[in-house]
Amino acid sequence: MITKTNEIKVVKPDSTWQSKVLNASAQLWFIIAVLGMWIFAFYVASFYGGAAIDNDFMKWNRVLPHGYIEGESMGNLAVAIHLLFAVIVMVGGPIQFIPQLRKHAPSLHRWNGRFYISAAFIISLSGVYMVISKGTISGLIGDISVSINGILIMIFTYLAIRNAIKRKIDVHRRWALRLFLAMAGVWFFRIGLMFWLFVNKGPVGFDPETFRGPFLVFLGFGQYLIPLAILELYFLVQKKKTKTTQILMSAGLLMLTAITAVGIFAATMSMWLPRIG
């Protein structure tokens, strides 16, 4: 008589120093990025929210061309909803990726996640509507790049929900990370632009008057495609667990952290703080 037994394979976590450095590098970038997002959220709430409280909606147009147009109720409402949910998402979204929250407050993680997913979908819809009704400052290329970003957000939202429902937690986490980066596209654009201006000590590769040029075309699509590509590379390095690639990825993440920090500093000091000062 032959009996079958079920064997449980225990996969040991990668605990090498290369893996620890890789994880630490990713965590450092995340911390710096989240601080930058919260600064941006504070700016958006202060500038746009303050103008709304003062009933001075025309002030929005100083930063957001055609942000407020008298008589266009639907368009103005779309802008207001987009800004409101953007602030809430930038503040509450990052806490979804804190392991301690998932472990010790799973119900909060679930409910905050549901709100985050819903807000992401609403933001993408309102963003696409804003592009169609108002356009972007970058013209047709800007309209296309922003619309693609919005479509990606909606796709990632669906896939994150689908895998959460199926209890494929690891797959759900990956799509949630992709959603997080796609949602931050507008923020990446701003810190990327300010880093470029800071390093070059002025506009290079585009005309600041017309806001057109090859660099802005690159940044318009790169604001979400580059972060997403880096994330896929990070997933691949994690899967392969090759020491050399882990070291190279760690070095790359540290360099990106420095670039992110410089971009945040430049944007905060020259763009965000002066407008709320």
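Reader: Leaving aside its neighbours within four places in sequence, which residues is threonine 257 in contact with?

Author: Keep in mind that this is a predicted model. To read a contact, look past the residues next door in the chain and see what else touches the one you picked. For threonine 257, the partners are Ser25, Leu28, Trp29 and Ile32. Threonine 257 itself sits in helix H9.

Reader: Is threonine 257 buried or exposed?

Author: Here you look at relative accessible area, where buried means under 20%. Threonine 257 has 7%, so it counts as buried. Across the protein, 40% of the 277 residues are buried.

Reader: Okay, let me zoom out. How many helices and strands does the protein have?

Author: Go along the chain and tick off each element. You end up with nine helices and zero strands. Written from the N terminus on, that gives α-α-α-α-α-α-α-α-α. The radius of gyration is 21 Å, close to the 19 Å that the globule rule gives for 277 residues, so the protein is as compact as a globular protein of that length. Taken along the principal axes, the box filled by the C-alpha atoms is roughly 85 × 40 × 35 Å.

Reader: What share of the contacts between residues at least 6 apart in sequence joins residues at least 24 apart?

Author: That share is 68% in this protein. For a case you can find on screen, try phenylalanine 189 in helix H7, residues 185–200. Its C-alpha atom is 6.5 Å from that of leucine 219, and the two residues are 30 apart along the chain. Besides Leu219, phenylalanine 189 touches Phe211, Leu216, Gly220 and Gln223, with neighbours up to four places away left out. With a relative accessible area of 12%, phenylalanine 189 is buried.

Reader: And proline 227, where is it and what does it touch?

Author: Proline 227 belongs to helix H8. Not counting residues up to four places away, it touches Leu181, Phe188 and Gly222. Its C-alpha atom and that of alanine 184 are separated by 9.4 Å, with their positions 43 residues apart along the chain. Proline 227 counts as buried too, at 12% relative accessibility.

Reader: Now backbone angles. Which residue in the loop between helix H5 and helix H6 has a positive phi?

Author: When you check phi, look at its sign and at the residue type. In that loop, between H5 (139–165) and H6 (169–183), the residue is arginine 167. Its phi is about 65°, although it is not a glycine. Arginine 167 counts as exposed, with 63% relative accessibility. Lysine 241 is another case, with phi near 60°. You'll find lysine 241 in the loop between H8 (214–240) and H9 (243–276). Its relative accessible area is 40%, so it is partly exposed.

Reader: How many positive and negative side chains are there, and how far apart are the centres of the two sets?

Author: Count each kind, then compare where the two sets are centred. This protein has 26 positive and 11 negative side chains, with the centres 18 Å apart. As for the surface, about 16100 Å² is accessible, and 69% of that belongs to carbon and sulfur atoms.

Reader: Last one: where does pLDDT stay under 50?

Author: Look at residues 1–11, which have zero contacts in the model beyond four places in sequence. Where pLDDT is low, the predicted coordinates should not be read in detail. Averaged over the protein, pLDDT is 85, and 92% of the residues score at least 70.

Conventions: Residues numbered from 1 in each chain as written. Predicted model: local features only at pLDDT ≥ 70, side-chain atom pairs only at ≥ 80, totals over all residues. Heavy atoms only, no water. Helix = DSSP H or I, 4+ residues; strand = E, 2+ residues; numbered from the N terminus. Rg over C-alpha atoms; globule rule 2.2 N^0.38 Å. Buried < 20%, exposed > 50% of the residue type's maximum accessible area, 1.4 Å probe, protein only. Contact = heavy atoms within 4.5 Å. Areas by Shrake-Rupley, 256 points an atom, 1.4 Å probe, with all protein chains shown as cover. Lys, Arg positive; Asp, Glu negative; His and termini not counted. Charge placed at Lys NZ, Arg CZ, Asp CG, Glu CD. pLDDT = per-residue confidence, 0-100.
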